[in-house]
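Got your viewer open? Here is a short tour, one selection at a time.

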There are 2 protein chains.
Amino acid sequence: MENLLNGIEEVLLMGPGPSAVSDEVYAALSRKTLGHLDPYFIKIMDAIKVQLQTVLETENVLTMPLSGTGSAGMEAVFVNLIEPGDAVLILKNGVFGLRMAEVANRLGAAVEVLEFEWGTPVLVEAVKEQLAGKTYKLVAVVHAETSTGVCNPVAEIGALLKGSATLYLVDAVTSLGGMEVAMDKWGIDALYSGSQKCLSCPPGLAPVSFSQRAVETILGRRRKVPNWYLDMSLIAGYWEGKSRAYHHTAPINMLYGLYQALFLLLQEGPAAVYRRHREMHELLVSGLEKMGLEMLVDASCRLPMLNAVKIPTGVDDAAVRRRLLHDYKIEIGAGLGPLAGQIWRLGLMGHTARSENVERLLAALQEIL
Amino acid sequence: MENLLNGIEEVLLMGPGPSAVSDEVYAALSRKTLGHLDPYFIKIMDAIKVQLQTVLETENVLTMPLSGTGSAGMEAVFVNLIEPGDAVLILKNGVFGLRMAEVANRLGAAVEVLEFEWGTPVLVEAVKEQLAGKTYKLVAVVHAETSTGVCNPVAEIGALLKGSATLYLVDAVTSLGGMEVAMDKWGIDALYSGSQKCLSCPPGLAPVSFSQRAVETILGRRRKVPNWYLDMSLIAGYWEGKSRAYHHTAPINMLYGLYQALFLLLQEGPAAVYRRHREMHELLVSGLEKMGLEMLVDASCRLPMLNAVKIPTGVDDAAVRRRLLHDYKIEIGAGLGPLAGQIWRLGLMGHTARSENVERLLAALQEIL
């Protein structure tokens, strides 16, 4: 029998995630599997909680990685906080805001969507106006909109909500590990992320964190969380306290990988890591502009880790991506939804955000275009 | 900073899962991460589907591993097939039957539970009687009840349901890879499993399979699946067909591990693997009985891969397990629920089911007891 794994060739991952994985994280993935109730494994779980609290700048006790990808994190925050009929406001300017609305709708929430043009940020004034007219149980926004490369003003929206009873939910899938995410300072009540973006671990885990207010909301529910697998009150029984109650079997080796990825991030220092992302972004943008390429997003609200560049007229989108992959072993991302065929999405996430990678991509694009 | 991963010591996993992982699977986990839409990765996905179809003895098109642990598989089959008010019969004789009832209840099903004593199997005659009195949309049973070591008569229950409109759902978390699971022959409509039992891959993936009838049930739903993350109609759009639509980012490296685990199973041959499980089980039981220990379950319905042995009177349950772990680096499982303190659960799953492991455990128990 032919083993397909032997045919895997290394690809430089410069799309919207997964991102490049370091040798240390690969090695961590293949450490010996321990039992999910082994005291030494529980020590590692406790350490991961502290690592996440540090990177999220939060003191939230209910902070841990869930056993699913970033989308499971989205599902988890909504299904735990929302009950049928709850008024929810989604601030939408891309695919992931759209997905939030879909998830909340399926859970029976009374969803309202405040829309902004794709490629532009959520406008704080418009949110302020909307909040003046109605009280919501929950307001949700995507920090780093992976589909467009826009950074939304998460801190400013948090300031609008301060002092109100409204819960503030933030998608930090693409931002976490590549730019500051100050959960407590910004007044965020619930947040989810993914392992495969700026944390540079393979996909499979969803860090989440809930404020004390969010925890009280969960404890005060009228009915049980309709999703047993993602019920935070049950998951907390395994991740917290003295007697760890078995809920489901944790993905041990993936958690080793996440531990190592967070270890590397904290060793380099979050501020230095964010600076590296910013510098690599500037290097990339200046190189692209020298080639005559144009960015989709205004410089004032560009993400460092996800760069949306307009595809020049007359250039075959798919053919360029295919050539990059086949001839140069570089993966970049296509546009999604209304931006399909209009942009490429160039990722500079975590371990990918290094100058040799930026230069390799720029050189390849130079040759192809 | 101290890196906790450096302190991991290998433990022989002889509990209820996770099981021992082979070097080949560890190596697979740290193969270079590809993008989730990379054509070569899609080739690997297609191969995993065929591997799973082979091991499940099914032609079901909707067969793939889900991005979560076995419990996510349970959540997925129920949330896709059940709508509020649906009549569901759960056959319960352990923790995992109980969990099924909890999951289905949370989804609003009209759940009835037919109970059997823990440590004894589901009785086919009792099921027949129950089915004579009422029509259910779905009947669910656990094949290998991990909490007790009992094998339930899955084929016989399937025969009762043949020709009816009732869907037949089976939990094959612990059985798959350690004994025959003949999905089509037994008339099973929906099945889920886990990667960390007899497949001997670390935890994190849940193989699932749905019959054509189950697919039609999903397509004919009155309302959308309330769980976006586990909606099979969306997941199928990524795992099937020519144009793979992005749903969520697949857990790439875990899927490498599962591919390798299934590769090894098929290379040895399913029949040989099941025989090995049976033989190791017999070796273990005969060794335990020589020591004067007694099995919980009658020989007629004992599982090969999960052996529940009664704790002798006067023996300190936790102290023995602690000593096995600390002094002998062997993990075994405690009893759950009403069987806590009454039994130990000795796993012989996948790569664990080898004579050197059985002998090592027997020798250690001999010394301690």
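Start by selecting B:G163 in this predicted model. This glycine comes right after helix 6 of chain B, and its phi is positive, near 85 degrees.

Now step back into helix 6 itself, residues 154-161 of chain B. Show the side chains of B:V154, B:I157, B:L160 and B:L161 and mark B:G158 too: these are the buried residues of the helix. Look down the axis and you'll see them on the same side of helix 6 of chain B, because they cover an arc of only 155 degrees around it. The general rule behind this sort of pattern is that an α-helix has 3.6 residues a turn, so positions three or four places apart point the same way.

What do the buried residues of helix 6 of chain B pack against? Color helix 5 (124-133), strand 5 (138-142) and strand 8 (167-171) of chain B, and you have the partners.

Next, go to helix 9 of chain B, residues 252-268. Helix 9 has 17 residues and spans 25 Å from its first C-alpha to its last, close to the 24 Å expected at 1.5 Å a residue. Is this helix mostly covered or mostly open? Mostly covered: 14 of its 17 residues are buried. Just past the end of helix 9 of chain B, click on B:G269, another glycine with a positive phi, this one near 100 degrees.

Time to bring in the other chain. Select the contacts between the two, and you'll pick up 63 residues of chain B and 63 of chain A. On the chain B side, helix 1 (23-29), helix 2 (39-56), helix 3 (70-81), helix 4 (95-106) and helix 9 (252-268) each supply at least two residues. Helix 9 of chain B gives the most, with eight. Color that side of chain B by class and you get 31 nonpolar, 22 polar and 10 charged residues.

Now try laying chain B on chain A: a turn of 180 degrees with a shift of 0.0 Å along the axis does it, at an RMSD of 0.0 Å. That is the relation of a two-fold axis. To find the axis from chain B, select B:G68, whose C-alpha is the nearest to it in that chain, at 2.5 Å. The same surface serves both copies, with 100% of the contact residues of chain B recurring in chain A.

Last stop: the largest nonpolar core, which has 249 residues. Which of them touch the most other members? A:A104 and B:A104 do. Center on A:A104 and show A:F78, A:I82, A:V88, A:I90, A:A109 and A:V111, which it touches, leaving aside residues up to four places away in sequence.

Key: Residues are numbered from 1 along each chain as its sequence is written. Chains are lettered from A and ligands numbered from 1 in the order in which they are written. This is a predicted model: local features need pLDDT of at least 70, side-chain atom pairs count only at pLDDT 80 or more; totals for chains, interfaces and linings use all residues. Two residues are in contact if their C-beta atoms, placed from the backbone, lie within 7 Å. Helices (H or I, at least four residues) and strands (E, at least two) are DSSP runs, numbered from the N terminus. Ala, Val, Leu, Ile, Met, Phe, Trp, Tyr, Cys and Pro count as nonpolar, Asp, Glu, Lys and Arg as charged, and the others, Gly among them, as polar. A residue is buried if 20 or more other C-beta atoms lie within 10 Å of its own, exposed if 12 or fewer, and partly exposed in between; C-beta atoms are placed from the backbone. The arc is that of the directions from the helix axis to the C-beta atoms. Copies are superposed by least squares on the C-alpha atoms of residues with pLDDT of at least 70 in both. A nonpolar core is a set of buried Ala, Val, Leu, Ile, Met, Phe, Trp, Tyr and Cys residues joined through C-beta atoms within 7 Å. The expected span of a helix is 1.5 Å times one less than its number of residues.
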